[in-house]
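I opened my notebook to look up a few strands and their neighbours. Here is what I wrote down, step by step.

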Amino acid sequence: MSAKKGSLKISSENIFPIIKKWVYSDHDIFVRELISNGTDAITKLKKLDMMGEYSLPEDYKARIDVEVNTEEKSLKFTDNGLGMTADEVEEFITQIAFSGATQFLEKYKDKTTEDDMIGHFGLGFYSAFMVADEVQIDSLSYKEGATSVHWVSDGGTEYEMSEGNKEGVGTTITLFINDDSLEFANEYRIREVIQKYCDFMPVEIFLTKAGAETEYETIDKDQLLDSDEVVEEIKDEEKGEEKVKIVKREVSLSDTTPLWTKHPNECSEEDYREFYRKVFLDYKEPLFWIHLNMDYPFNLKGILYFPRVNTEYDNLEGVIKLYNNQVFIADNIKEVIPEYLMVLKGVIDCPDLPLNVSRSALQNDGFVNKIAEYISKKVADKLAGMAKTKRDEYEKYWDNINPFIKFGCLKDEKFADKMKSAILFKNLEDKYLTLEECVEANGGKVVEETKGEDGENEVVEDELKTTIYYVSDVQQQSQYVKMFKNQGKDAVILDANIDSAFITLLEQKYKTVRFQRIDAGLTDDAKEEIGEEEKEAFDKLSASLMEVFRKAVDNDKLDIKVEKLKDADVASMMVLAEESRRMQDMMKAYGMDQMDMGGQETLILNANHPLVKFVVEHKRSKSVPVICKQLYDLAMLSHKRLSPEEMTDFVKRSNEIMLLLTK
Ligand SMILES: Nc1ncnc2c1ncn2[C@@H]1O[C@H](COP(=O)(O)OP(=O)(O)OP(=O)(O)O)[C@@H](O)[C@H]1O
């Protein structure tokens with residue numbers, strides 16, 4: 001061919017300055033773009049072979065070679081794909097790719113944050129100019145009689161094309177790295193970038209350093225492969241061993257058949273664990289995983305892991321890596337993965353995703369919403385299935401996974417519906433019960449729909465509801481737990497932050513169930529009945545106790561109730577109506593806990609206890625104010641945390657009381 005010069009047609013200003021100072025924080029994406037172009041070229045060549053339009057050499061092995069030349073400050077990307085003729089370079093590179101890149105930049109040049117975009121697909125070949133002053137293409141097309149072509153452009157608007165000397169079908173793209181991007185002319189940096197984007201590319205990728213000395217390795221002779229280049233045979237007569245020195249075998253940077261592309265039946269438990277360690281660098285074993293594998297109505301493969309998290313110390317943010325045909329796109333794309341699944345770690349590969357559009361468009365994309373729905377459904381199916389068929393195993397995970405499941409139920413009604421019988425409650429004996437089992441144990445029945453004749457949801461009277469008692473802090477509420485156990489009653493442990501909102505959701509859904517914290521009130525079983533004949537005297541006693549206590553703790557609004565408790569060990573306790581507690585929890589969640597919403601605690605005094613009796617009988621004693629304050633604080637302690645001042649007072653007073661023992 002005769003040498004040809006030309007200029008890239010642009011309407012107004014030059015796009016290259018824009019490309020160079022392109023706002024991506026990740027200039028490194030050119031690696032992904034060039035390697036994906038090479039992969040596409042290889043796929044096309046294989047297709048031509050399958051269609052009988054070309055026949056691949058017997059020993060054909062698809063590969064992409066990346067060569068870094070630190071002296072020349074250049075990078076070469078070579079693929080053995082279908083190659084391009086001079087006309088095709090003209091068409092694909094100087095026309096289509098160029099106008100594609102121009103359009104792309106036009107669209108995004110005003111967007112300053114990365115958040116506005118997803119995936120950055122689309123800039124393509126011209127992304128090379130983000131890091132290079134000059135780019136060369138050497139290509140030989142698969143077509144019969146094709147001659148090789150050499151194209152060069154120095155990042156201006158001019159290019160030159162002439163006959164080249166590329167041997168072997170395929171394409172080499174050479175980048176002469178600009179001074180601002182010299183980091184990419186370093187083999188360690190480039191290895192890192194390839195691993196970031198191309199870890200699971202479907203073609204093997206080899207990285208070499210120009211001018212590097214040949215490396216060797218010694219292996220047992222019986223390990224020798226046909227492809228090995230033998231340098232020397234080593235015989236150890238004494239040991240009777242035969243070894244061979246070979247040129248060090250190449251190791252591909254990409255795993256071309258990542259686990260998610262395999263059928264679940266072909267993967268062992270250890271495969272899943274190893275993949276998890278490798279991809280997420282998390283050496284804590286995952287709890288379990290879900291392998292997604294779907295062809296219809298859209299293509300989606302992936303593996304989602306439930307990580308073992310320590311909710312107290314670890315942050316709950318997971319990582320979901322998104323791929324398009326094994327090419328890494330981005331982490332944690334909220335639009336594709338339902339928010340409550342963001343605690344998981346996993347990979348999702350979806351070739352059908354429209355990745356070159358902005359995030360705001362994704363939010364309203366029906367297809368993207370369907371993917372999110374599908375993922376959510378699969379997770380629910382897996383959990384519900386496990387709860388049904390492997391209950392023991394599921395129970396073991398429950399403490400770990402329950403906050404996430406509850407969050408999911410609050411966020412997504414469909415998920416909540418599917419999880420209905422997979423929600424567990426741990427009781428005081430560390431047994432796990434479903435809601436149904438809990439309600440039945442309390443003599444009730446779960447009724448989901450309580451619609452009246454007019455179709456409206458009926459209000460169910462409290463008396464007709466089954467109450468499930470719960471403990472939110474086993475240590476703090478131990479006094480109540482003991483009382484409960486003594487009465488032969490049971491309660492469930494709900495100690496996650498999310499539980500308050502979650503039980504409210506359950507009560508809305510199941511109108512015949514209500515939840516009450518164990519210290520929300522006194523159950524009838526806890527107190528002795530007061531006979532008619534003693535009522536008057538008892539009321540008097542109550543009134544006088546109230547007066548003494550209110551004075552002692554200096555709070556004339558303090559709500560006090562005197563009861564005869566069956567448990568003689570309990571002198572005082574605090575109760576707070578469930579509605580008031582939920583209101584307080586809600587206020588706390590909205591950061592408004594400073595606001596006084598009324599709904600005070602009630603101090604219960606046990607008229608059967610000797611200390612309370614002492615107060616009644618010795619109202620004028622000097623010890624009475626101290627006893628009252630102490631009883632009040634003790635009741636408070638097992639109810640909520642004391643403030644620092646209250647705690648200081650309590651400790652000081654306790655010491656004073658002990659001093660009395662020494663006298
Ligand atoms: N290594 C290559 N081998 C063969 N053809 C190539 C190669 N690189 C680029 N091309 C041709 O140039 C065209 C333009 O490439 P470019 O990377 O700019 O866009 P694209 O790959 O079509 O789309 P995108 O990168 O946005 O997904 C490609 O469609 C392809 O026909």
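I began with strand β13 (residues 300-306), which is joined to β16 by five bridges, the two running antiparallel. Strands here are DSSP runs of E of at least two residues, and helices are runs of H or I of at least four, both numbered from the N terminus. I counted two strands as paired if DSSP finds at least two bridges between them. In this pairing, I found G302 opposite I348 of β16.

I noted early that this is a predicted model: local features need pLDDT of at least 70, side-chain atom pairs count only at pLDDT 80 or more, and totals for chains, interfaces and linings use all residues. Residues are numbered from 1 along each chain as its sequence is written.

Next I checked strand β14 (residues 319-324), which shares five bridges with β16 and runs parallel to it. Here V319 has K345 as its bridge partner in β16.

Is β16 covered or not? I found it mostly covered, with five of its five residues (345-349) buried. Buried means that 20 or more other C-beta atoms, placed from the backbone, lie within 10 Å of the residue's own. K345, V347 and D349 point one way, while G346 and I348 point the other way.

Then I turned to an open sheet of three strands, ordered β22-β24-β23 with mixed pairing. β22 (559-563) and β23 (572-575) are at the edges with a single partner strand each, so one side of each has no neighbour in the sheet.

Last, I looked at how β22 meets strand β24 (residues 602-606): five bridges join them, and they run parallel. D559 has T602 as its bridge partner in β24.

Terms used:
A residue is buried if 20 or more other C-beta atoms lie within 10 Å of its own, exposed if 12 or fewer, and partly exposed in between; C-beta atoms are placed from the backbone.
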